[in-house]
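Open the model in your viewer and keep the selection tool at hand. This tour goes stop by stop.

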Amino acid sequence: MSEENNKKINPNPLTEEVVKEIQEVDKDFVDPYKPNPKLEKQKVGKI
Amino acid sequence: MIFTVPMKPINVDGELQFAYSINTKKGQIIKREDWLEQSNLNNVEYYPSNDKITKSLNNYIMLKGKVKVTYTWEEADNITEADVTKFKNLCAEFNPEDIYANWEDGENSVSWTLEYPACINEWTERSLAWELKSKTASLEILEDGTEILCVLQDNFGWEFKNVDLKPQESIETNKNTNLCYLFFGDKCEISVPSLDVGEETFIYNAKQYEVKQLTSSKCFIKNTSDNPCKIVMLCKS
């Protein structure tokens with residue numbers, strides 16, 4: 001999150017609602033409590 | 001949230017995100033600054049007779065090294081000495097590592113330090129299933145090179161089990177649910193006996209920090225590294 005955006009939104013506590021607010025101004029912000037949907041899926045070996 | 005532990009994430013089949021720490025340094029920390037920060041709060045489960053104790057919503061597992069976990073509360077949290085005692089009793093009852101932990105009481109806080117004891121000898125439900133419903137909770141790295149695994153789930157409801165294997169030690173591992181993933185804290189060899197009459201055995205190798213899906217009904221996992229190794233199983237029906 002950029003410093004400018006940080007001034008508009010208080011990220012503490014970083015609740016789900018706050019995460020949504022941040023993502024409205026910073027689409028690259030990732031909720032650290034959830035899997036990153038932009039992360040490339042890795043196929044795992046089966047045993 | 002404060003998160004200064006460098007992690008390498010792996011998105012497994014779009015189901016789970018495993019993240020393991022890299023080159024940790026003493027003093028690095030993971031901290032929730034408010035209980036409300038956590039995801040899946042609508043799934044939180046309270047201890048039957050105590051609403052200051054909940055099922056943990058985080059999935060941090062120590063693989064190596066030494067950590068300090070601290071719960072800190074404010075007056076509004078209304079946590080009493082009896083709640084802390086109950087919490088400690090639950091840790092003693094359900095966490096095999098608890099006998100190796102050093103507890104410390106502070107003013108409006110309680111903490112424990114633990115050096116990875118590699119003491120879980122059979123497949124066991126994850127430790128730290130219960131935690132205090134305190135405003136903040138933190139995990140601090142106390143030793144360089146400490147290794148932490150963090151698992152994030154898209155859909156709530158995964159069960160966590162774990163076991164510690166000494167070098168060259170093996171363990172029989174059964175698949176009891178439809179979906180089953182294994183995370184290997186170090187190098188392992190996996191033997192899968194064939195169901196055919198010929199009794200052929202298929203051998204697979206897992207690298208350190210690799211994730212594999214267990215689709216066979218049974219396998220045997222052997223720690224082929226020179227160090228104690230934690231294996232973590234995530235399963236879901």
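Into which domains is chain B divided? Select residues 2–153 for domain 1 of chain B, then 159–236 for domain 2 of chain B. Give each a colour. Keep in mind that this is a predicted model.

**Stop 1: between the two domains**

Show both domains of chain B together. Their C-alpha centres lie 25 Å apart. The contact draws 18 residues from domain 1 of chain B and 16 residues from domain 2 of chain B.

Now look at the side of domain 1 of chain B that touches domain 2 of chain B. Five strands of chain B each supply at least two residues there: E2, E3 (16–21), E7 (60–64), E11 (124–125) and E14 (147–153). Strand E3(B) gives the largest share, three residues. By class, this side of domain 1 of chain B has 13 nonpolar, two polar and three charged residues.

**Stop 2: the largest nonpolar core**

Select Phe18(B), Leu149(B), Tyr181(B), Leu182(B), Phe183(B), Ile231(B) and Val232(B). In the largest nonpolar core, which has 38 residues, these touch the most other members. Where does this core lie? Both domain 1 (2–153) and domain 2 (159–236) of chain B give residues to it, so the core lies between them.

Zoom in on Ile231(B). Leave aside its neighbours within four places in sequence. Ile231(B) is then in contact with Asn162(B), Val163(B), Leu165(B), Leu182(B), Phe183(B), Phe184(B), Gly185(B) and Ile221(B).

Apart from the largest core lies another, of ten residues. Select some of its members: Ile53(B), Tyr71(B), Ile79(B) and Phe87(B) are among them.

**Stop 3: strand E17 of chain B**

Select residues 179–184 of chain B, which form strand E17. Is this strand mostly covered or mostly open? It is mostly covered: five of its six residues are buried.

Next, add strand E22 of chain B, residues 229–236. E17(B) and E22(B) run antiparallel, joined by six bridges. Then add strand E20 of chain B, residues 211–213. E17(B) pairs with E20(B) too, in the antiparallel sense, over three bridges.

Pause at Tyr181(B). In E22(B), its bridge partner is Leu234(B). In E20(B), Tyr181(B) stands opposite Gln213(B). Tyr181(B) is also one of the core residues from the previous stop.

**Stop 4: a six-stranded sheet in chain B**

Switch to a cartoon view. Follow the open sheet of chain B in the order E1-E4-E13-E8-E10-E9; its pairing is antiparallel. Which strands are at the edges? They are E1 (2–3) and E9 (102–106) of chain B, each pairing on one side only.

Within this sheet, select E8 (residues 66–72) and E10 (residues 109–115) of chain B. Seven bridges link this antiparallel pair. Find Val69(B): opposite it, in E10(B), stands Trp112(B).

**Stop 5: where chain A meets chain B**

Bring chain A into view. How many residues does each chain give to the contact? Chain A gives 19 residues and chain B gives 27 residues. On the chain A side, strands E1 (41–42) and E2 (45–46) are the elements that give two or more residues. The residues on that side divide into eight nonpolar, five polar and six charged.

Last, select E1(A) together with strand E2 of chain B, residues 7–12. They pair in the parallel sense over two bridges. Lys41(A) stands opposite Asn11(B) in E2(B). E2(B) also appeared at the first stop, among the strands that supply residues to the side of domain 1 of chain B touching domain 2 of chain B.

Note on methods
Residues numbered from 1 in each chain as written. Chains lettered and ligands numbered in written order. Predicted model: local features only at pLDDT ≥ 70, side-chain atom pairs only at ≥ 80, totals over all residues. Contact = placed C-beta atoms within 7 Å. Helix = DSSP H or I, 4+ residues; strand = E, 2+ residues; numbered from the N terminus. Nonpolar A, V, L, I, M, F, W, Y, C, P; charged D, E, K, R; others polar. Pairing = 2+ DSSP bridges. Domains from an automatic or database assignment. Core = buried A, V, L, I, M, F, W, Y, C linked by C-beta atoms within 7 Å. Buried ≥ 20, exposed ≤ 12 C-beta atoms within 10 Å, placed from the backbone.
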